[in-house]
Each structure stands twice: as structure tokens, then as C-alpha cells.
Amino acid sequence: MTSPKLTGLALLLVLSTVLLWGCAAEPPKTAPAPAATPAAPTGALPAEKTVTPAQAVAKPADGGDYTHQSLATGSPGMNAYVDSQPGQSNKLERSFAGAPPRIPHTVGGLAIAKTSNPCLSCHSTGIEASPGHVATKIPESHYTDLQTGEKRAEILGSRYNCLSCHVTQSTAQPILQGGN
Amino acid sequence: MAVSRREFLKLAGSSAVAAAGTALLLPGLTLGDAQAQDVTWDKAPCRFCGTGCGVLVGTSGGKITAIKGDPASPVNRGLLCVKGYNLLKIHTARDRLTVPLLRVGPKSTEGKATFRRISWDQALDLMASKVKAAQTSAGEASVAMFGSGQWTIWEGYAAVKLYKGGLRSHNIEPNARHCMASAVAAFMNTFGIDEPAGNYEDFEHADAFVLWGANMAEMHPMLWGRVVDRKLSSPGAKIINLTTISNRCSEMADEEIIFKPQSDLAIANGIARIILQRGAQNTEFIEKYAAIRSGKTNIGYGVQDKFAFDDEAKPATLEEYGKLVAEYTPERVQEISGVSPDALERLASVYSDPKIKVMSLWTMGVNQHTRGTWMNNLIYNLHLLTGKISEPGNSPLSLTGQPSACGTCREVGTFSHRLPADMVVANPEHRKITEEIWGLPPGTIPEKPGYHAVELFRAMDRGEIKFMWVQVSNPFQDFPNLTRYRKAATRDDCFVVVSDIYPTRSTELADLILPSATWVEKEGAFGNTERRTQFWRKMIDAPGEAKSDLWQTVELAKRLGHEKLFSYDKSKYPIPPGHPASDTSQTAGFYLEKALFEEYRRFGLGKAHDLAPFDVYHQNNGLIWPVVNGKETKWRFREGNDPYVKAGQGIRFYGNEKLDGKAVIWLRPYEPAAETPDSSYPMWLCTGRVLEHWHSGTMTRRIPDLLKAYPYATANLHPEDAKLYGISAGDRVRISSRRGSVEVYVEIGGRVTPQKGMVYVPWFDEDVMINFVTLDAFCPISKQTDFKKCAVKLEKV
């Protein structure tokens, strides 16, 4: 995605633009009284530079243009998911403290059904599925009623659908470069 | 009160902490993480769906540094879905809008636009001049506002007050019109009062759950967790997934019943027929508590401009009702729906067996339906015929999609025809009450309702609307038949203002973009599906010059001479010492949120819409209204549970006093969809959401974990259709309707598989604007749009 572009401009120009574009369909008399504005540079346009709206705040006197960019890239994408098998993949670091661990392997063909939950077969015990690949063990919290503190032998039913919180990984890169 | 880390750990249950030692305490921070930071914890409801999960928000250094499910919340009991955990990052993407931006080029539906930074004063002065000019040249109603169920209660209230009481324009609508207007219409014409009788505790009392076209596993995951918990912990508990698409709920269900689009009307009537045929109706309940009515038929689809419709309730008898449903024999139901007579019998047994407590659950499948009000009515019919309502476990529960669809849109009444507390603008008494509370001269509020959402945007396209202000919504991605409405936005004679936190497919069409504060950057309140009102405090500052929508509305009001609407006795509403005052309160110099809420409460007091005093909600995890004498009402309409039901009345649907306190069983037939597949457009298109993304994806697609989990919208097909059309997974196809087309990649065998003859495309992706394809047909009663059914063709590209 292209970075928002900001071209420095005199605030006088900003105001004239308010009049020209903002009120294009109406006679100029309906335009707002210009608000008091800080002294602004006039004359030649400063050289083009690239800043984000957030940076514009840091330099309020600069003014300038902002090229609108939504998340649209102009082309649809196809979801491609990692195909490593359970027991063969490396753990992913949590994105932030408290983030539910993401699933580093494929879940294709693994249906969480009322009679059986295939996730539990490895993750309830945290077995070493293959050399160096230890399944993340489901923590105490998942067997604990958080309201009463009561411990249960089975994972809480409300946590049974693992995929509500733990999500699979596509190979897609963030649309918005530069991170969140 | 902010909760310190130590207090929080104490709150969270010392036994759990002790048992866990230094390991993971809760689905949030480790003890080490928590100790490493000076984290301040406070509570808030989640920003996303209508479930209303309680969230604990940890802040340090002016930033949100931790999120966890609130164990004290009766809604989610300490858990969150993946979107909830990622609340941490909804507001931090680097392209956050932080300054007012004014368009500097011509408008184009292509969305390429350049804007120039202006000051708030310039932005607000410009808006005021546009409003004045519009009202002078084109009348008071030429100014409009479009919001959503993501408005906080006071934001929606302030918007309604400014528009209806100040500007005298009823052209204010929420996107909730697309979301649950059918639910509201049916609550009103069945019970005479909005919102469900039961609450989430019903999940732990029910023996059977019938999903009427609701993929709860993805759309209401924490409520689905409670369904699953009940299923696994209670032998014999049964889930029936009645759906047009095979989905994750099917994996947990005892039975998946696939039905053809629109045929739910026939199925519900077919169930009613079986109940009556078995003599399984609760005759005593029906005689004492139900009235029977018929309405108009062949009611149309609203596809043409200025479509008008008013239903007409005519008294009917049980015999007449029986005669109508008798037409829905299992054979006929099968012909219409594809559901086998055996499956229909099993489904009917869940309702007809008096020993089975049943919850019916539905959302967009039923509501986004050109017979959405009817379909809501038909589900209530099943509960009223059998008396399975208003008691723990027997609960028709209309789920909501947005965090304050109930609290703001419905209760405050941010619709073109409504006022607070279920009142309507067409009723002179209701206008009078409103004018009195707002301190307005009699006759201020116009009697003619404004346009409902679709008609409002059609009016914009016709040139009738000169000023449109969008808050907390993304209509130019979300509206059906988008081509027309995006074109409307580019009219030179309509000034479009969009307030948002990120650049979207709507801000790109705006004349003026206003940067908004979101969620815990301001003080707020939401009302969820189960009538629970929840508050939160401001916890962090909004970036740059971003301001809350409430601040924006109040500031515009001041410039339009309506400052009085937001002037209160400052001494009565001081900002408490140490209170993290919002931008609005800071500017006002008093606690404006509290003043607004205390005024708003007056509408509902004594009218079965009672809310607790403002301060109460900051001390708890929300209360279910009506709150009478400090006590919430979990199950309405039943003596002993609901203070509005008098001793000896048993059950009283007191919203319908004109019907002697009876709820209405409606005669509603099957009628076909607005557009059905034919030889040119041979497939159904159904649109919807996915677990990881919220609505149009503007927040969730900026969060790396959520984007990576489900980056793009795909077209999901049945394998046999793929074969039929020579399409393979990963192929790019063009999906076209009579209105427009999109290109999208095909997925087969993903988490959803539509029935044969249907393609499913979610609408969160800004590159797959599926609403170019959808049809702007709506339910003539509720005016809610049907995003679930139109006819399309597929071509490989």
C-alpha cells in the first residue's frame, strides 16, 4: 500500500479550497466565515514530503494533502493456509501478553465434534508429538470455572470449541505495512 | 473505580491464583507479566458483537497493554473470542485518522481522493453552514444522519436529540435497520414492547436449542460456548442446526437440517401444523395469554423508490389459524424447503413436547429477510402455541449483531420513526412527552416520520438529501445494491461527512472526514441482546485531534444555535474528583454523559423500560432492564419475576394492554423471495460474516493476528456446483447479478459449505465489495434489507 502523501501548502490555500470545493454546489455566500487561523506561510509550495496524518498533528503548521487509502488494494486475494501437519510445526510466539496461542499447523480434516475433539488428543497432555515438537499443554484455566474457582476433570464446555479463540495461520502478509 | 492489579487478582479468585502458582493464572497475563508492569485494570463491554462480553482492560503508560475476559461478567464468565482478545489493537493501526480532512478534488465512485487537513473549527463551521444552507434551500428534512448499533447510548441519544428536537429532521437512521429492524417490528406487533423476555441464563436451563439460520459458532462464539457447555454437561440436551449452509455449528449439533432460502416460513408453519395436529398446543396458555391476528398478504419487496406499506391487524380465530397452517403439510413443506417429513417431525417434537425446554436462536438469517417480520412472528407463534416463553430455558432469543443495537438504536430510538422507550414520532402523545423532557415548545418535533435507511439513501440519490453525516458506520461498503448508493454519495449537491477512526470505503467518498475516538478512548455505555446495560470509563486518550462522536455532535449543535439541548445545571453534574473525564465533559465543564443519561432515563421510568441511576452502572457488570427498586428483571412478563406483572395475573404481556395483556399469534404464509435463481442467474447468493472479522473489517483487518487468520473474502461453493461449473478451489470467478459484479477466489471445503445452488461470500473485504451484487429489497413491515438472497451467476475469469 502506498503511504499517505502530504504536500505542504499554505493555509490560505486551504481556506480557498474550502470555498471552492466544500461549497461547489452553492453560491459562495453560504460559505462559512473563515475560522481564525494561525499565521501561515505563503508563497512557493514547499517540497513534497511524505507524512502520515498523525505526523501532521505533530507539525500542525505544515498543512498539506492526504491521499486517501483504504485497505482496498484493487484485487481480491486468496487464502492460503500453512500446511504443516500437527506435531510437525514450530510454535508461534504470542503476539502480545495474553493473546491466545495461534495454531501453527493445519486443521484441515480435524472437526471439533460433540463426540470427539481432536485438538485434545495432543494438547490435553502436551505430548512430544515428534522430536522437538511438544504440543502446547492446555493450561489450568481451561479446566477452571473462573467465576467460582471450581476445578473440573474435563475442559470447560464453554472452551470446547478451541477455534473460537485459537486461529489458524494463512501465509498472508499484513495489508497495512508498518505494523499495528 | 479502577481496579489495581492486586485488587484484580483478588477479584479473579484467590483459589485459582493459589492453585496455579506462577503458571498462567487466567487467559490473560502471567503473574510475571502482571508484576512486570504497573497495570491499571478497569472494565468495559467488548466493542464487537451484540453478545456484550465483559472485558478487563489493562492500561499502563497511557496505552492498553492487556486484555482479558472478565471473570465477574455474567455474560462470558472470563472468556473472550479471538476478536475480543485482539481489542488490544483495534485502535492502534498506523493509518489512524487523527485530524479533520477536507476533500480537495472531485468526488469519484472509484474512491481515489485527496484531502487536506483543516482545523476542527473550520470543519464544524463548514458543517454548520452546510446544514443551514440545506435547510434553507431544501427544507428541514434535507439533513440526515446515519449511525449504528456501535454508537454509545449517549452518542445515539445526543444525535436523536439534535436531529429530532433541534434540526426537526427525522432523517436519522442506524445501520441497525439492516440488522434487527425485523426483530423490533415483531417484538412490537407480538408483545407491544421491544426486546426479549428471557436472558442468557436460559442457556443453562434449556434442553433443546434450535438455530434458525444462525451460525453462532462464528458470529456469537461466547454464547455458542454456553450452548456447547450445556450440550456436553447435560445428557439429552439437543442442538438442531436449521440452516441453509453447513457450518461449524453442524459439527456440534445433533441434527443439521438444510433448507432452501426463504423456506423457513413454510417450515415454521409446518411445525405449527404438527403441534396442532398432535393436540400438543397449550390451550390454557393460548386462551388466557394469546390473541390471534391476520395481516396483509402479497406485501411486496420494496425494490422500487417510495415503496409504502402498512400492515393491518385483523382479529382471527384459532380455527382460522389452524386452517392456514394446515396448508403446510410435511409434503408441501418438503417441496418448498427440501426438508424431509421425518426431520420436520423431529423438529416439531422439540416444540410440542411439554417436557422439553426450548430456546430458539436467530439473527441475520431471520432478520435480513424480505419476510423478516413474519419470520420473527412465526417463531414466536411456536413458543406461544406451546406456552414456552418467559421462564428459564423456554426462550425465543433474538440475538443482536452489534454491541448496542439494543441499548442505543432500539432503546434510545435512533430510527426515523422512533423516539426513546419504544415511542414513535407519529403519536402526538409521544411527541408531547419528548418535547416536555427536552424542554422544547409544543409542536417542535415534526409528526411525519423520516425515511428508513434504504429509502433515505435512495432520497440522497434522488437529490432530496443535501447533508449526510455518517458516524460509526460504513454505508458505502455495507449497503446492498452499492452501485446506486455510492453514486448517490458523489452528488455535488449533497455534502457528505463521515466520522471514523480509519480510512474506509465510506470515508473515501466523503467531502469531510472527521477523526473519531473509539471505545475506551471515551466514556461509554452499550446495551446487549439480553437487555443488559453496561458502562465503561475513559481509559486512554484518543490520538491526535480525534474526538468522540458525542463531542462532535454537541459541537455542531452549538454552531447551529442548539446549545440549549446540551446545557444542564453544572452544579448537579460535577465531574467527580479523579474521574477520567471524556473530551465532551472536559469541554462542557461538567459531567455531560451523566446529565444526558439521567435525562434519557426519564423516558423509561415507570414504563417497563426502567434503567438504574447513572452511577450504579459504573459499579457493576451491567444490569438487565427493567431495573426496579435496584433489582434487575431477568425474565419478563411472568408474575414473581417481573415487577410489572401484578399479583394474580400469572403472565401478562403488558406491552399489549389494548389486547388485554395478550401476545399475538400471527397468521403468516410462505411467500417467495424477491429474486429467485433462473436460467440467466442460476444461483443464490448469501452474504454474511466470519468469526475473525467484524462487519466491514475496518478494525479487524488492521489487526495482524485476525488478518492472518482469515485475510480475504472467498466465494464458498458446494463441491457439486464447482464440478457443474468447472470451477476448482483457488480459481478466480466473477459473481454477477442484475446489479453488479465482483471478482473473488473460490474456496471449497472450508469452514462453511453452502447447499447446492448457493454461493456464500462474506462482506468484510474492501477488495470484494459483494454488495455491488446484492439486492436492495426489504421487509415491507420492518424495512430491513435482505442480504441473504438474490440471484447470481458465476464465471471463471
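Two residues are taken to be in contact if their C-beta atoms, placed from the backbone, lie within 7 Å. With that criterion in hand, the predicted model can be read from its helix packing inwards to its core.

A good place to start is the pair formed by helix α11 (residues 264-277) and helix α15 (residues 341-352), both of chain B. In α11(B), the contacting residues are B:I267, B:G270, B:I271, B:I274 and B:I275; their partners in α15(B) are B:L344, B:E345, B:L347, B:A348, B:Y351 and B:S352. Sorted by class, this contact comprises eight nonpolar residues, two polar ones and one charged one. The two axes come within 9 Å and cross at roughly 65°, and the crossing of α11(B) past α15(B) is right-handed.

Chain B offers another helix pair, α5 (residues 120-138) with α23 (residues 549-559). Here the axes come within 9 Å of each other, at a crossing angle of roughly 60°. α5(B) is therefore oblique to α23(B). The handedness of this crossing is right-handed. On the α5(B) side the contact is made by B:L124, B:D125, B:M127 and B:A128, while α23(B) contributes B:E555, B:L556 and B:R559. Four of the residues in this contact are nonpolar and three are charged, with no polar residue present.

Turning to the interior, the largest nonpolar core has 271 residues. B:I271, B:L361, B:I735 and B:V759 are the residues with the most contacts inside this core. Of these, B:I271 has already appeared, as one of the α11(B) residues that meet α15(B). Helix α6 (residues 153-167) of chain B supplies the largest share of the core, with nine residues.

The surroundings of B:I735 can be followed residue by residue. Leaving aside residues up to four places away in sequence, B:I735 touches B:L685, B:A715, B:S741, B:V742 and B:V744, together with B:V759, B:V761, B:V773, B:V792 and B:L794. This list includes B:V759, itself named among the core residues with the most contacts.

Chain A, finally, can be summarised at the level of the whole chain. Its secondary structure consists of three helices and three strands, arranged from the N terminus on in the order α-α-β-α-β-β. Of the 180 residues in chain A, 26% are buried. Among contacts in chain A with a separation of 6 or more, 62% come from residues 24 or more positions apart.

How values were computed
Residues are numbered from 1 along each chain as its sequence is written. Chains are lettered from A and ligands numbered from 1 in the order in which they are written. This is a predicted model: local features need pLDDT of at least 70, side-chain atom pairs count only at pLDDT 80 or more; totals for chains, interfaces and linings use all residues. Axes are lines fitted to C-alpha atoms, for helices over the stretch in contact, and angles run from 0 to 180 degrees between N-to-C directions. Helices (H or I, at least four residues) and strands (E, at least two) are DSSP runs, numbered from the N terminus. Angles under 35 degrees count as roughly parallel, over 145 as roughly antiparallel, 65 to 115 as roughly perpendicular and the rest as oblique. A crossing is left-handed if the near helix is turned anticlockwise from the far one by less than a right angle, and right-handed if clockwise. Ala, Val, Leu, Ile, Met, Phe, Trp, Tyr, Cys and Pro count as nonpolar, Asp, Glu, Lys and Arg as charged, and the others, Gly among them, as polar. A nonpolar core is a set of buried Ala, Val, Leu, Ile, Met, Phe, Trp, Tyr and Cys residues joined through C-beta atoms within 7 Å. A residue is buried if 20 or more other C-beta atoms lie within 10 Å of its own, exposed if 12 or fewer, and partly exposed in between; C-beta atoms are placed from the backbone.
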